[in-house]
Amino acid sequence: MTIRVDPENNEPHALFDLADFNGQRVLEIGCGDGRLTWRYADKAANVTAIDPFAESITQARGNMPDNLRSRVVFHHVGFDDFAAASKASTFDIVILSWSLC
Amino acid sequence: MVHALEKIQRLLKPNGCLIDIHPVRKAPLIKIYRGSDLLFAESDPGYDYDDGLRHADDALNEVIQSGLFLVEGKSEFELVTYASSAPELRDYWAKYGAFDDSPKDETVTARQNDVYAKANEIMQDAAGAEITYYERARITRLMPNARG
């Protein structure tokens, strides 16, 4: 057996109770290997997912399902640098994914 | 952290929302089940980030109290990770710890060794058992407040 994380889908259920991703521009901060990204990305218009750890971003890109390649972009960058290079009022939804600590 | 939340407010459209997910301030549990029988349950001795979580809670409270964000909803959920062996579970979490370059507390490491060794013994004597890692998290939806 390999590791299984949240096969009960508790996290996406809680997420979808609070946000409707349909057609939304999403920024995910602290995306890691994309574990949460895959759960909502098919609903969003597009997803920018960032993480400061290169290894995580490499894994996320490697794990990317084919059907999401046109709408998900992963960046190896810290949030401060990303924010400094980004325009105001860009995203409909920002997810702080286990990263505010 | 408040500084990061201020930057997030700038990036959000006026009708957008911030979804914050972070663990509650409680040590995750390592449990072993065989079927519905609980064979083992111990807190993870590696829970050494309570200060970080307290700062996260404080930062959220600060931006809510200052009027930068309004809370629109929140709930809690359990994130459960399943593994077939204690070493597999430990290796999985070590992968995340590898990003943390802060000095390791030897006492914590010794207690982790002890807990995972006990878990490993139980797993070896209990065919068909499954080891799990229970972590409780809070999810909050916040709306940027134009008056903030």
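Two residues are in contact if their C-beta atoms, placed from the backbone, lie within 7 Å. The exercises below concern a predicted model.

**Exercise 1.** Determine how many residues each chain gives to the contact, and which elements of chain A take part.

*Solution.*
Step 1. Apply the cut-off to the two chains: 32 residues of chain A and 37 residues of chain B belong to the contact.
Step 2. Assign the residues of chain A to elements. Those that give two or more residues to the side touching chain B are strand 1 (4–5), helix 1 (10–18), helix 4 (79–84) and strand 5 (91–97) of chain A.
Step 3. Identify the largest share: strand 5 of chain A supplies it, with seven residues.
Step 4. Sort this side of chain A by residue type. It comprises 21 nonpolar, five polar and six charged residues.

**Exercise 2.** State in which sense, parallel or antiparallel, strand 1 of chain A pairs with strand 4 of chain B.

*Solution.*
Step 1. Locate the partner: strand 4 of chain B covers residues 69–83.
Step 2. Read the sense of the pairing, which is antiparallel, over two bridges.
Step 3. Find a facing pair: Arg4(A) stands opposite Tyr82(B).

**Exercise 3.** Describe the fold of chain A and decide how its radius of gyration stands against the globule rule.

*Solution.*
Step 1. Count the elements: chain A has four helices and five strands.
Step 2. Write their order from the N terminus, namely β-α-β-α-β-α-β-α-β.
Step 3. Compare the radius of gyration of chain A, 13 Å, with the 13 Å that the globule rule gives for 101 residues; the values are close, so chain A is as compact as a globular protein of that length.
Step 4. Add the outer dimensions: along the principal axes, the C-alpha atoms of chain A fill a box of roughly 40 × 30 × 30 Å.
Step 5. Consider the interior. Buried residues form 41% of the 101 residues in chain A.
Step 6. Consider the contacts in chain A with a separation of 6 or more: 62% of them join residues 24 or more positions apart.

**Exercise 4.** Identify which residues have the most contacts inside the largest nonpolar core, and list what Ile19(B) touches.

*Solution.*
Step 1. The largest nonpolar core has 42 residues, and those with the most contacts inside it are Val26(A), Ile93(A), Val94(A), Leu18(B) and Ile19(B).
Step 2. Leaving aside residues up to four places away in sequence, Ile19(B) touches Leu15(A), Leu18(A), Ala19(A), Ile93(A), Ile95(A), Ile139(B) and Arg141(B).
Step 3. Another core, of eleven residues, lies apart from the largest one; Ala86(B), Leu89(B), Met123(B) and Tyr133(B) are among its members.

Terms used. Residues numbered from 1 in each chain as written. Chains lettered and ligands numbered in written order. Predicted model: local features only at pLDDT ≥ 70, side-chain atom pairs only at ≥ 80, totals over all residues. Rg over C-alpha atoms; globule rule 2.2 N^0.38 Å. Buried ≥ 20, exposed ≤ 12 C-beta atoms within 10 Å, placed from the backbone. Nonpolar A, V, L, I, M, F, W, Y, C, P; charged D, E, K, R; others polar. Pairing = 2+ DSSP bridges. Core = buried A, V, L, I, M, F, W, Y, C linked by C-beta atoms within 7 Å.
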